[in-house]
Amino acid sequence: MMDSENDPQHSIAIKYCSGCRWMLRATWLAQELLTTFDGDIDEVSLQPGSGGIFEIWLDGTRLWSRKDDGGFPEIKALKQLVRDRISPERSLGHSDASTNH
């Protein structure tokens, strides 16, 4: 197993429609991901766009698309998607528990 200094760092891009005023949502998701995956994520970029875009990309692979996936991701689901790709053994604590709302 490699030590943490040699582990690859990951990059997340959040593409959002500035005309739809989704920057606040994008920044909140960025903060949640940076906090949860501290040490595993090298950067989160916010990329303004148009046309109703809201997509989340990890290392060049799209994880979420508002248009294709039907809306915005729940933070629990997004954290699980990221975790499953960069650190599958990591526990997300309460985010891994089933929801009984």
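The following exercises, with worked solutions, concern a predicted model of a protein chain.

**Exercise 1.** Determine how many helices and strands the protein chain has, and in which pattern they follow along the sequence.

*Solution.* Begin with the count: the protein chain contains 3 helices and 4 strands. Then read along the sequence, which gives the order β-α-β-β-β-α-α. As a further description of the fold, take the contacts between residues at least 6 apart in sequence: 62% of them join residues at least 24 apart.

**Exercise 2.** Describe the largest nonpolar core and the elements that contribute to it.

*Solution.* Start from burial: of the 101 residues in the protein chain, 33% are buried. Next, identify the core: the largest nonpolar core comprises 21 residues, and I12, I14, F54, I56 and V82 have the most contacts inside it. Two or more core residues come from each of β1 (10-17), α1 (23-36), β2 (41-49), β3 (54-58), β4 (61-65) and α3 (75-86). Finally, examine I56: beyond its neighbours within four places in sequence, its contacts include I12, I14, L29, W64 and L78.

**Exercise 3.** Explain why C17 and C20 are not assigned a disulfide.

*Solution.* First, recall the general principle: a disulfide is a covalent bond between the sulfur atoms of two cysteines. Second, take the distance: the cysteine sulfur nearest to that of C17 belongs to C20, 3.2 Å away. Third, apply the cut-off: a disulfide requires cysteine sulfur atoms within 2.5 Å. The separation of 3.2 Å is therefore too far for a bond, and the structure holds 0 disulfides. Lastly, compare exposure: C17 is buried because its relative accessibility is 4%, whereas C20, at 34%, is partly exposed.

Definitions and conventions:
Residues numbered from 1 in each chain as written. Predicted model: local features only at pLDDT ≥ 70, side-chain atom pairs only at ≥ 80, totals over all residues. Heavy atoms only, no water. Buried < 20%, exposed > 50% of the residue type's maximum accessible area, 1.4 Å probe, protein only. Contact = heavy atoms within 4.5 Å. Core = buried A, V, L, I, M, F, W, Y, C linked by side-chain atoms within 4.5 Å.
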